[in-house]
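Work through the exercises below with the structure open. Try each task before you read its solution.

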Amino acid sequence: MRGMIGAHLGLLFAGMATFILMGAGQSLYGPAVPVFARDFGLSLAGASGVISAHWVGCFIGVGAMFAAGHLATPRRLLLVMALGAALMAAGWGWAVTLAGALVFGMGYGCATVLFNPRFLAAFGARGPAMLSLLNATFGIGAIIAPLVFVALHSQPGLSFALVAGLAALVLIGASDDGKVAPEAGAQGGVRPDWAILAFGAVGVGMEACLIGLGPAALLRVGETEAAAAGLLSAFFVAFLAARVMLTFCAHLIAPFSLYMLALAGMALCLLGGAVVAPALFYVPAGAFASMVFPGYFVEAARRMGRDARVAPVVIGAGLIGGISAPLLLAQALDRAGDRAFFWLLGGIAAVVLLLAALHGRMRAMAVSRPPAKA
């Protein structure tokens, strides 16, 4: 393993530094949405459009990687992310802020497609564990950013300016050293598995809602802006801890079982928040939310083949959920009770868990069924 790390040190630095910045940028949306709503005179649903703009940008970036992924490099992706964060920091109006989220999301989406399959391919049998480690570094930026937001007196402009500056610094040190193409030369086309793609869309959509709308939901139940940002940071501490744990045991758990565990944990935490205490149960939900993408990505990659275009399709399906779920849920929350966020999202998680269990049982029966005689 040490030999692999040494051989791919450039890949490790570029991937981890980029994912830290991705975590920082995405986690800022949560505490920034209520501020945007107040500063621009918007409703919660209107201000949450910045989250959807981010995910639309991700979808565009994933599509670009599908069409011309060979042109992408870590430095180019970091430049796009720095530009997007700078536009959000500029304070030139709501339209420019949305454009900045779109551009930042484009870099985010490209980076997701660039690094995840490379880590999975570069480290052999330990690929799933290293993919979890890569995504765990996302949590480092996500933990720190809400605390910095509070330290900067809840000013989105200064917070996103800091992200832009750090992206520019990482860009200087990043390179293409250690570049590893996933399954070089592997062909055969994409074999879509619509069931796993649908499960991925729902799972990623729930994760996006927890991150992007969670702080606003906490404000509705009486938490202050500072407390909500602190709880979001604690959410990402749990998120990071679970991802780090997966680096040691991801290869021991079937990917779809990991996805189902994530659903079960989110359902329990969200419904616990609805019934008992939202602030208490929001934090541990981060641990289970962190398991969604690793379980989904590895399972989908196994089902759909080794073609280089599989990763953009898999990630793109997840982004459909990331784009639509926060927008739809925010619309519902504008007309619902204080704890509606926890009731609605918890109920969705429980229903999807049931469907996933039925799907897994049907697949197991299909595999065990003897082939029909000629």
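**Exercise 1. The whole chain**

What share of the 374 residues in the protein is buried? Then describe the secondary structure, the contacts and the surface.

Solution. Keep in mind that this is a predicted model. Buried residues make up 55% of the 374 residues. Next, the secondary structure: there are 16 helices and zero strands. Now take contacts between residues at least 6 apart in sequence: 85% of them join residues at least 24 apart. Last, the surface. The protein exposes about 14800 Å². Carbon and sulfur atoms supply 71% of that area.

**Exercise 2. The nonpolar core**

Which residues have the most contacts inside the largest nonpolar core? Find the helix that gives the largest share, then look at the surroundings of one core residue.

Solution. The largest nonpolar core has 122 residues. Those with the most contacts inside it are Phe-115, Leu-210, Phe-235, Phe-236, Tyr-296 and Phe-341. Helix H2 (residues 9-39) gives this core its largest share, 15 residues. Now pick Phe-235. Leaving out residues up to four places away in sequence, Phe-235 touches Leu-210, Ile-211, Tyr-282, Val-283, Ala-285, Gly-286 and Ala-289.

**Exercise 3. A serine between two helices**

Is Ser-48 buried or exposed? Locate Ser-48 and list its contacts.

Solution. Start with the place: Ser-48 sits in the loop between helix H3 (44-47) and helix H4 (49-68). Then check accessibility. Ser-48 counts as buried because its relative accessibility is 0%, and the cut-off for buried is under 20%. Finally, the contacts. Not counting residues up to four places away in sequence, Ser-48 touches Val-33, Leu-213, Pro-326, Leu-327 and Ala-330.

**Exercise 4. A nonpolar patch on the surface**

Which residues make the nonpolar surface patch of about 400 Å²? Place one of its members and classify its exposure.

Solution. The patch is made by Leu-162, Leu-166, Leu-169 and Ile-172. Take Leu-166. Leu-166 lies in helix H8 (residues 156-173). Its relative accessibility is 40%, so Leu-166 counts as partly exposed.

**Exercise 5. Cysteines**

How many disulfides are there? Check the sulfur of Cys-58, then the burial of Cys-58 and Cys-269.

Solution. The count comes to zero disulfides. A disulfide needs two cysteine sulfur atoms within 2.5 Å. For Cys-58, the closest cysteine sulfur is in Cys-110, 9.0 Å away, so the pair is too far apart for a bond. Now burial. Cys-58 is buried, at 0% relative accessible area. Cys-269 is also buried, at 8%.

Technical notes
Residues are numbered from 1 along each chain as its sequence is written. This is a predicted model: local features need pLDDT of at least 70, side-chain atom pairs count only at pLDDT 80 or more; totals for chains, interfaces and linings use all residues. Side-chain values use heavy atoms; hydrogens and water are left out. Helices (H or I, at least four residues) and strands (E, at least two) are DSSP runs, numbered from the N terminus. Buried means under 20% relative accessible area, exposed over 50%, partly exposed in between (1.4 Å probe, protein chains only). Contact means heavy atoms within 4.5 Å. Patches are made of residues with over 30% relative accessible area and no salt bridge: like charges are joined within 9 Å, nonpolar side chains (Val, Leu, Ile, Met, Phe, Trp, Tyr) within 5 Å. Accessible areas come from the Shrake-Rupley method with a 1.4 Å probe; for residues, only the protein chains shown count as cover. A salt bridge is a side-chain nitrogen of Lys or Arg within 4 Å of a carboxyl oxygen of Asp or Glu. A nonpolar core is a set of buried Ala, Val, Leu, Ile, Met, Phe, Trp, Tyr and Cys residues joined through side-chain atoms within 4.5 Å.
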